[in-house]
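Trainee: Could we go through a structure together, so that I learn where the descriptive words come from?
Mentor: Gladly! Let's have a look.

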Amino acid sequence: MTDRGIYEDFSLVRRRARVVFLAVGILCASALVAYWKIQILDYKKFESMAVANRTRDIVLPAPRAILTDRTGAVVLADNRAAFKASFIRDNTRDEAGSIRRIAELLDLEPGIVTARVEKYKSWPRFRPIVVKDNLSFEEVARIEARKNDLPELIVETEPRRIYPHASLGSHILGYLQEADAEDLKTHPEYLRPGDMIGKMGIEGEYNGRIAGVDGKLVEIVDSLGRKQGELERVEPRPGPKLALTIDFELQVKAEELLAGREGVIVALDPASGEVLALASYPTFDPNKFINRFTPEEWLTLVQNPDNPLLNRALQGLYSPGSLFKPVMGLAALGTGVVGADTTFFCGGAVEIYGAIRHCWNEAGHGSLSLRDAIRYSCNIYFYQLGRRIPIDTIARYAGLMGLGRKTGVDIPGEKEGLVPSTEWKKTTRKEDWYPGETISVAIGQGPLQTTPLQIAAMTARLSNRGKGIRPHLLTGESGALSGEPDSGIPGWAFEQVVEGMWRSVNEAGTGAPARVEGFQVCGKTGSTQTISRETAERIADGTKVKKTHSWFTGFAPRTNPRIVVTVLVEYGGGGGATAAPIAGQLFALYKQKHDRPRTTPGN
Amino acid sequence: MIDRAQLREIDWVLVALTVLNSLVGLLLIYSVSAASGGGLAWKQLIWMAAALAVFFLTISIDYKMWMAFAPYIYILFLIFMAALLLFGRTVAGSRSWIGFASMGGQPSEIAKIVVVLVLARIFAEYRASYATTGMIALSFAAVGAPVGLILLQPDFGTAMCFMPILFGALILAGLTKKTVAVFLLGAVIAGVAGWAFFLKDYQKKRIEVMINPSQDPRGAGYHVLQSQIAIGSGGLTGKGFLKGTQSGLKFLPARHTDFVFAVLGEEFGFIGITIVLGFYFAMLARMFRSVGKSRDRAGIYVTFLAAAVISFQFLVNVLMIVGLLPITGIPIPLLSYGGSSLLATYFAIGLVVNVKMRRFANV
């Protein structure tokens, strides 16, 4: 074989190879430029993307503040650890498949999981969506076992609210619910989807203080979202323990006394405005609300015609009935319409403006002064006052006693009540006020509406001989009312009214069942028609509707009063028959408690 | 087969550069597999030993002999690959992996070098300044047969690697302006037709994503974006060996094969990239320089086509992971993990050394 290479000219082929090599060289150089661009020029951008890639922020929820009674010894709301399962959409590429697997693993309807995901679909995909809470240990173990093939499902721990005394004080404490869209909008600084927020009561009013400050955990995660380590940890700060003004023993007693009825008991300290007991029946167990996912129980509560969620003490509107008579008395004495010893004659009935009006006692009370009119709750006496005092004057005195406006109690939802006036009638009913209507108002009927808490605050003002207080439930809150003008009602007028209330309880008056030996209870009963007398007579079988609401409000002792008790029992019958004895038991308990020799001196 | 004079002519510089680049690859593979015990790096080390054996086997047989056998090996491979299509097991959606022993082998990697030999043989006696239509058709047929089988697997990336062999050979043989124009027209038509009829949706998506990677960061754009984040966050000096967070935390896909250069960028920064790019370019340059040292046309073709196919894979990979080319499964020879790729590369470089060491020999 000859070696052709020696004779052949390969220069053309070699030149072509060199051109290709040149192209390779240029491409290598441009690759270097490309790397320079992203590693040097765009370094900052990619560096921050890398950090975001590998870390995950986890919120460590702060336990809610512990709530106690006034002594700090009885815990009314506490926390314990609970587990919840959350779905991180970012950790899966097949969302529908994940939902199916999660539902299967947790024995849930796939529709429930889908609904949860749908609800929060606008949130960033890395945010965990709670799909089930209150996991059992068995469920936690099941999720942990599937950690590697289900990285999108994680177990989070959270402190869970617990109310050790179940329904006790539920209307004071309130309850928790998952924050809704509205809440999230109003408190973006501390609320995240899935958070529980206080609704109603102390939990609602002081949510910001009770919630505490959440902690933060920055985790290092791999591409599947599996935890590889911790980068930063800020421990949560629980809200500071809060003591309510509630006297635990009185509260328990009040709820015992109301059990099985519908009604309200309010007890407060007239000097400070501290609420010692506040019970509203029917009631509910706030522990039931902490579950995010049983809407059935919620519905039964909301749809219950007796409305257990209603805090009747500040949201229930009732005619004050005879409880309004002390206000009428003050108006009469204050305006000089009557003097302390002016008497009217009660013959059981009287004709006013062409209509016959009856006293509850058809035999009549004879001649009586204001003191005895209050003692016996004589209607005729007050009809006579109603004839002589214009409605706007009555309204002014009612306002001076705190009616027709909120008491300012530190739990939300309070109603204002209603004190009618000529102007009110003109603006709302477009009619003039008829003097006949004043006669109804004079015995606390007509359009007049009050809440039991207003009645309690009014009673405190009577007991203080004019000085008003602001009822409150959190110790340390102020009980003073700011910017109150001087009522101008003379002290002797209050003494006349208080004398009447004292006689009512202690001298065979209508409030006698509230009497407590040695405690100088002063009080007033009331029995208010829930429907007009004519309607009641028409409904023959109306067992409940025919009965009147039963009221009692009072304080003790007569001088330097220490406790106000207001009782309302719906459809309870006569005030003296039902409400007064309940109040009596509470006065008795209070006295016994404070007369009790102290076991620890100086406590 | 091999005498002492030829032994002295072995291009030890090229051998050293080849081994050096293989060791860089080993280091990177160790880094990505360190968390799981470094098993892949050990496997790659064993493959390297096998590859060196292949290298010495390659140079010990005269390249003319290799070329003489090339058509038979070529036909054997075609039969083998066709059989694989029928009976092969599927790995990652593709049927090219042979299941013998625990180490997989990919015959199409070796097939590339066999096609290099076949094309060199076709053009060995071709002396005209420009390739005729007949020669072009023959070249297309020679490359088309294995490529067709590979596309049926389907393995788009590996099939792509035959392009530089075919067009390298044609460029060397000479293409007239008219031929280039016909090729360009054909490419446009094929491109349009391919887009309309042949490309699968995921492949189209990859091309779209290259143009705008953030359009779908969780889907097809995921790989490009993650790779860019890894490289970009390496900065000038990198995060340090074994300290790459994006690769260590598995944000990077196929870290040990297609994205091994991204691991380099993340852990060793722009400095590391520059150095390794320099090593690799030195190796390629050494191969291209060998083109001028060949004593015959066959040797020129063998050397040039081997250099072209390695350059092509390197450039495509390096540009693809920074988002300048669409993502296709093309590993970097020597740097990426893979036994058959390593064997094929040492086989190719062995042929280059073979040609150069025998430049004075009269056979």
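## Reasoning from values to words

Mentor: Let's start with one pair: A:L268 has A:V564, in strand 19 of chain A, as its bridge partner. Keep in mind that this is a predicted model.

Trainee: How do you know that strand 11 and strand 19 of chain A pair?
Mentor: Pairing needs at least two bridges. Strand 11 (residues 263-268) and strand 19 (residues 563-569) of chain A share 6 bridges, in the antiparallel sense, so by that cut-off they count as a pair.

Trainee: What makes strand 12 and strand 17 of chain A edge strands?
Mentor: The order in this open sheet of 5 strands is 12-11-19-18-17 in chain A. Strand 12 (275-281) and strand 17 (522-528) of chain A each pair on one side only. Neighbouring strands are turned by 5° against each other on average, with direction ignored.

Trainee: Which helix packs on that sheet?
Mentor: Helix 10 (residues 248-258) of chain A does, touching strand 11 and strand 12 of chain A. The direction of helix 10 makes about 25° with that of strand 12 of chain A.

Trainee: Why are helix 15 and helix 18 of chain A called oblique to each other?
Mentor: Helix 15 (residues 379-388) and helix 18 (residues 435-442) of chain A pack at an angle of about 140°, with axes 8 Å apart. Roughly antiparallel would take an angle over 145 degrees, and roughly perpendicular runs from 65 to 115. The angle fits neither, and therefore the two helices of chain A are oblique. Their crossing is right-handed. Among the residues in this contact are A:F382 and A:Y383 of helix 15 and A:I439 and A:V441 of helix 18. By class, the contact has 6 nonpolar, 2 polar and 1 charged residues.

Trainee: And why are helix 1 of chain A and helix 13 of chain B described as roughly antiparallel?
Mentor: The axes of helix 1 (residues 11-41) of chain A and helix 13 of chain B cross at roughly 180° and come within 11 Å. The cut-off is over 145 degrees, so these two helices are roughly antiparallel. Residues that meet here include A:F21 and A:W36 from helix 1 of chain A, and B:F270 and B:L277 from helix 13 of chain B. This contact has 16 nonpolar, 4 polar and 1 charged residues.

Trainee: How many residues does each chain give to the contact between the chains?
Mentor: Chain B gives 43 residues and chain A gives 36 residues. On the side of chain B, the largest share, 10 residues, comes from helix 13.

Technical notes:
Residues numbered from 1 in each chain as written. Chains lettered and ligands numbered in written order. Predicted model: local features only at pLDDT ≥ 70, side-chain atom pairs only at ≥ 80, totals over all residues. Contact = placed C-beta atoms within 7 Å. Helix = DSSP H or I, 4+ residues; strand = E, 2+ residues; numbered from the N terminus. Axes fitted to C-alpha atoms, helices over the stretch in contact; angles between N-to-C directions. Parallel < 35°, antiparallel > 145°, perpendicular 65-115°, else oblique. Left-handed = near helix turned anticlockwise from the far one by under 90°. Nonpolar A, V, L, I, M, F, W, Y, C, P; charged D, E, K, R; others polar.
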